[in-house]
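Student: I would like a close look at a single part of this protein. Please take one run of paired strands and go through how the strands are joined.

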Amino acid sequence: MRQSIRWSVVLAIAFLASYGMASDSSHAADSNRLLREVQNTEEYFPDGIGSVWRYVGHTHTETIERIADVAFQNEVATIGTSNMHGVTVKIFRETNQGNKGASDGFFRRDKAGIVYYGSQPTTPFEQQLVPYRILNFPLMLGATFQQLNKTNVDMQADLDGDGHPEHGTVVADAQIVGYEPVTVPAGTFPEALRIDAVMTISVTLTKSRHLAVSQDRITSWFVRGVGLVKYVETIEAPRVLETRGEITYMSEELESYTIKGMVNGAPTPTLSPHLSGLSAAPIVRHPSF
């Protein structure tokens, strides 16, 4: 989901226009409002080229009993820009997204929010969904909005063995929950912005007309001027024919970060050579989703 919403929810999946870190006194002043605007919204999603986020992750998969329990590491770097669908997008390179290996994700921020343009490597399924808007700016505390709603999506698979590929409906929604304290290896952040998202895929099998529903739920925490510091994801796949239903739990926590020449908030002279020498290539998970 990080790749799809974040993606994903992924939402995936950090953007920053300015780096002012003044305290936000509007929280108390606007406490009487049902929906409160997140001040300086873009500062929760820094995207400076050369920025790097390093995460330590954990995943395990269950059927009746636990099958796999794995720790992994992932590094996300903003490596440049590219042109997709006639617009300029930022390229976010991951070394081991969700313990699935390397990938590039493409995102664009504008005044209206953040749009996801897909990934590389990609799939025919994903190509039917992108591009779509992941976040609407300004973010409003308590607000819920729909990121995606597509019908008749070709699942690219014959799930019930009747020779006909299944089609489904894909719906993704997100909610701006509020501020919470979060502690990760990179430090303790007293005001992390929590965003919940869920992607639901509903497929009616062509042979039996049985409705199979899978869900990908993700909770992410973002810190102003830093980006994504933690996410927790649950992926539920239904039982289809002889295959067992499966639940996968995944999480990543920020271990260290470099944002436009800053390492964990302290100046650093230069970027690593393997990052500073990279340029854009025409080729999610983004550290904001």
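Tutor: What follows takes the strands E11, E12 and E13 in order, then turns to one residue elsewhere and to the confidence of the model. The model is predicted.

Start with strand E11, which covers residues 187-204, and strand E12, which covers residues 211-223. These two run antiparallel and are joined by 12 bridges. Together they make a hairpin, with six residues between the strands. In that turn, Arg 209 has a positive phi of about 65 degrees.

E12 also pairs with strand E13, residues 227-237. This pairing is antiparallel as well, with nine bridges. The hairpin of E12 and E13 has three residues between the strands, and Gly 225 takes a positive phi near 80 degrees there.

Ser 220 of E12 is a useful place to see both pairings. Opposite Ser 220 stands Ile 195, and in E13 the bridge partner of Ser 220 is Tyr 231.

Outside this run of strands, Glu 94 lies in strand E4, residues 87-94. Glu 94 counts as buried because its relative accessibility is 0%, where buried means under 20%. The side chain of Glu 94 makes a polar contact of 2.6 Å with the side chain of Asn 74.

As for confidence, the protein chain averages a pLDDT of 77, and 74% of the residues score at least 70. Over residues 1-33 the pLDDT stays under 50, and the model has 152 contacts beyond four places in sequence for them. Residues 265-289 also stay under 50, with 100 such contacts.

Notes
Residues numbered from 1 in each chain as written. Heavy atoms only, no water. Helix = DSSP H or I, 4+ residues; strand = E, 2+ residues; numbered from the N terminus. Buried < 20%, exposed > 50% of the residue type's maximum accessible area, 1.4 Å probe, protein only. Polar contact = N/O pair within 3.5 Å; in protein donor to acceptor, adjacent residues only side chain to side chain. pLDDT = per-residue confidence, 0-100. Contact = heavy atoms within 4.5 Å. Pairing = 2+ DSSP bridges.
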